[in-house]
Amino acid sequence: MIAEVTREVTAQASRPSQPGAEVCAACAEAERRRGQRAVVTTTGKNRRGIVANIAQAIAAAGGDILDIAQTLAGDFFTMIIVVDVSALELPFAEFKSKLVASVEALGAHCLVMHEEIVNALQRV
């Protein structure tokens, strides 16, 4: 299913825009930046320093946290982070694997996806 969603997102991105459609500079910039964001979800047992460790791993790779939401339910921790990945110092795949490894070292689970994939999954 993820492969199908990825194909659809790629196909939509490669389609030419409709003739005569004017786009303002601010809208064009927002659209350009939208494709350079990732969504990081983390779940696991709560422990001291988990948010700081994840934020440090993101910053070390050149990512910038744009938005973050977290909650505790008993001893369980859940967090969603929107990350600007436009200035990553390494390829996205490497960023993803390093972030997943650092979160797993904390005893939690992590999923990292481009924002377009998350949006496409919501439409399915």
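## A sheet, its helices and a nonpolar core

The largest nonpolar core here has 21 residues, and I54, F95, L99 and V112 have the most contacts inside it. Such a core is a set of buried Ala, Val, Leu, Ile, Met, Phe, Trp, Tyr and Cys residues joined through side-chain atoms within 4.5 Å. The elements that give two or more residues to this core are strand 1, helix 3, strand 3, helix 4 (92-105) and strand 4. Helices (H or I, at least four residues) and strands (E, at least two) are DSSP runs, numbered from the N terminus.

Please keep in mind that this is a predicted model, where local features need pLDDT of at least 70, side-chain atom pairs count only at pLDDT 80 or more, and totals for chains, interfaces and linings use all residues. Residues are numbered from 1 along each chain as its sequence is written, and side-chain values use heavy atoms, with hydrogens and water left out.

Now to the sheet. It is open, with 4 strands in the order 2-3-1-4 and antiparallel pairing; two strands pair if DSSP finds at least two bridges between them. Strand 2 (64-73) and strand 4 (108-114) are at the edges with a single partner strand each, so one side of each has no neighbour in the sheet. Strand 2 and strand 3 (residues 76-84) are joined over 9 bridges, and D67 stands opposite V82 in strand 3.

Two helices pack on this sheet, as the table shows. Angles run from 0 to 180 degrees between N-to-C directions, using lines fitted to C-alpha atoms, for helices over the stretch in contact.

| Helix | Strands touched | Angle |
|---|---|---|
| Helix 3 (residues 50-60) | strand 1 (37-45), strand 2, strand 3, strand 4 | about 25 degrees with strand 3 |
| Helix 5 (residues 115-123) | strand 1, strand 4 | about 90 degrees with strand 4 |

Let us look at single residues. Leaving aside neighbours within four places in sequence, I54 is in contact (heavy atoms within 4.5 Å) with residues including M79, I81 and L99. I81 lies in strand 3 and counts as buried at 1% relative accessibility. Buried means under 20% relative accessible area, exposed over 50%, and partly exposed in between (1.4 Å probe, protein chains only).

F95 is buried too, with a relative accessible area of 2%. The rings of F92 and F95 have centres 6.1 Å apart and planes at 45 degrees, so this pair is tilted. Rings of Phe, Tyr and Trp (its six-membered ring) pair if their centres lie within 6.5 Å; planes under 30 degrees apart count as stacked, over 60 as edge-to-face and the rest as tilted.
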